[in-house]
Every structure is written in C-alpha cells, then in structure tokens.
Amino acid sequence: MDLSDANNQFAINALKEIGASNVGQNVVIAPLSIITALSMVFLGARGNTAAQMSKTLRFSDNKKVRSSSTNLLRELVENEDDYVLLNVNKLFGEKTFQFLPTFLEDTKNLYDAGLEQLDFLSDPETSRKHINDWITQQTRGKIQRFLPDQSISTTTKLIIANTLYFAANWTKPFNEMKTSKAPFTRLSNEKVMVDMMQITSYFKVKCIKNTGIKVLELPYGVKQDYAMVLIVPDNNSGLKQVKAMSAEEVNKLMDNSEMKMMNVLVHLPKFRIEKSFSMKSILSSLGISDAFSQTKADFSGMTKQSDMFVSEVYHQTVLELNEKGTEAASSTASVMSVRSFPGEQVKCDRPFYFFIKHMKSNCIILCGILNDP
C-alpha cells in the first residue's frame, strides 16, 4: 500500500474515532500532517512498537515509506501557484538524549524536518513557548499557542508537532450577494440560522439510491489539483449509514469516476473550524500503544538510550470556508456560464462529511464533520 492509500485509510479511521468521542461537535483533522510526522517516528521504531505502527498506519516497510513519502510530498505541491499548502512537521527532543546520526539524516533528507533538541529537563516552559513561536511563524500566524500550558514537563522526552494550513479559491466562486440566512438542522433536530451560500453550476455529483446520500465535488483553482468532496445525507439515518461504513466503502463513495457532471443547485453554509486534539488516546485506540509506554516503547533505531518513548502527539487544524474558497487569501475572476434550470439539488442543511483531496494522487489532506456551522 502506498502512502496516499495508507493516509486515506488512516484519515477515515481516525475521523470515525474522533467523531465517536465528539458527537454533535465540529471535527477537522489533517491526516497527511499526522501521518507524515508519524512516518518520521516510524523510521526509529523497532520490534513490536514498529509492528503496531505498521499495522495501524498501513506501512509495509521503511524503504517503501521513504520512497513513497518523498514522491507524494513533492507531487502535492507541483502547482503551488494555484493554492497554498503549508505542511509543518518537526520533532523536538530533550537535549540530553543522543540520537543516532542515521535517524537524524533520514528525517532531514526525506522530510526536510529534522529534530531540534531543547532543554525540557531544566526549562520546560521556555521550550513550550519556543515551539509555539516556531509553529506560529511556520503557519504564517494562523496557528498560535499550539501547545497548551503544562503540556511539556521535566519528564518529556519527545514532542511531535504537526500542523497543516491550506488555502485555495474555488474554481467557481459563490456569489456573495446570494448568501442569506437559512435553517441548518443539528443532530438534535434543533434548527439554527446560518449564512448559507448558493450557486447553480455544473459539478460532479453522485446520488446513492435508497439512502438519501449525495456526494458532491467542488474543485479548487484554475488547474483543479484539489477539490472538496461533500458527503451529504438528507437525514440522521443517512448520517448513521456513513458512520457505519468501512474506510474502503467511504473511499469508494468519493470515487469521482462514478460521478456525473450535472447542473446542480448547491446550498452550502459558511463556516470556520479550529480544532486541537491530543492524538495520544486516539492513536492508542487505533492500535498504537507501545510507542507511548515507558516500559514497552522500542525506539532503538532512533537512540541507544532505552528509556525513549513518545510522550504526546498534538495536532491542530484551522479550516475556513466562504464564498471565495477555503481559507481564501485572495479573490479570483468569476466563471461565466449559461444559466439553465438545475437538474439536481444538493442542500447541505444537515450535518455532513467533507474531505479535501489532491486529485492526481487521491490523497486526503483535510477532512472533517460539520455538525454546527
């Protein structure tokens, strides 16, 4: 399994796990950011620690992970003049630990993100502020105060920091004049008024028979390298069906080879989600537990010191969606089209799933659940 497929499997499994423990709340994660950081850790894992990571992340071996990572990360930014993709990953370790030169070379050469050694033992608070300042700088100020108070202690050995920022304009922007207040039905069936965008144009869409589920693809940019795929159930029963699907079934649902280009009336709420997660319990639930154990962790490919373990994995994602695009930094020219009566309607007025994908590699870079705009 290549890194893109492994990333997508992990993305859907992690989203389901997080969604189950955050019922009714908005969720957004950047699986590519998480899996890239964990790929670096995997380079130093051995024994059962490596076996657990390999099984959960669908990694076959280090050699394939290395080549696949390099190729995919290069492919994702081939046309970066059409969008902004900031994939920030870095390892911060206690300075008294001696890391193997091969591990440091691999993380630098393969991911352009080496390990920085800090004084967690004597000054954990200064170390925390230093990491937060670095994250803020790397994300152009979009993500601040990444690590919460007391998240680093004198016993901390390793922190994996990973953030992702994505900005792109829609290929077909929504007209701001058509945005108006409209009802959105929460899981509880309570209705709230939200800013609902509207557009009628040709998009790829799929209607799943006898389920009330529709799948819509909204492309970004002139070259359409990325797209947001919406899985929209028209009732709570349809949402439960999606939740019960396997990762393979969700991937098949998003397969655009089965979609039809149709003239569609789209209703989509504006929203902004900023979410921080401690990934430790989530990764443990998915099968990675030894890496976090002081007695079981085996990172002998990273250091000769036997007491090395991962103390925490923090993850934060910011996502804003409006008429121009997703976390749009600039406007684009309107796309003119001939007006005609829409043949289909996709109304996102209930909780729905969203996925931002790189179309060539099929890699999911962002995904989430909107329960409350």
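**Two buried asparagines and a helix: a short tour**

Hi everyone, let's begin with confidence: this is a predicted model, and the protein chain averages a pLDDT of 83, with 92% of the residues scoring at least 70. Among the elements of the chain, strand 5 (residues 180-185) has the highest mean pLDDT, 95, while strand 12 (residues 325-326) has the lowest, 66. Please keep an eye on residues 327-342 too, where the pLDDT is below 50. Beyond near neighbours in sequence, that stretch still has 30 contacts in the model.

Now to helix 1, where we find Asn8. Is Asn8 buried or exposed? Asn8 counts as buried because its relative accessible area is 2%, and the cut-off is under 20%. Its side chain makes a polar contact with the side chain of Asn7, at 3.2 Å. If we set aside neighbours within four places in sequence, Asn8 touches Asn251, Asn362, Cys363 and Ile364.

Helix 1 (3-21) turns up again when we look at helix 3, since it is among the elements covering the buried residues there, including also helix 2 (31-42) and helix 9 (280-286). And which residues of helix 3 (residues 47-57) are buried? They are Thr49, Ala50, Gln52, Met53, Ser54, Thr56 and Leu57. Just after helix 3 comes Arg58, with a positive phi of about 65°.

My last stop is Asn132, which sits in helix 6 (residues 124-138). This asparagine is buried as well, with a relative accessible area of 7%. Leaving out neighbours within four places in sequence, Asn132 is in contact with Arg145, Phe146 and Leu147.

Thanks for listening!

How values were computed
Residues numbered from 1 in each chain as written. Predicted model: local features only at pLDDT ≥ 70, side-chain atom pairs only at ≥ 80, totals over all residues. Heavy atoms only, no water. Helix = DSSP H or I, 4+ residues; strand = E, 2+ residues; numbered from the N terminus. Buried < 20%, exposed > 50% of the residue type's maximum accessible area, 1.4 Å probe, protein only. Contact = heavy atoms within 4.5 Å. pLDDT = per-residue confidence, 0-100. Polar contact = N/O pair within 3.5 Å; in protein donor to acceptor, adjacent residues only side chain to side chain.
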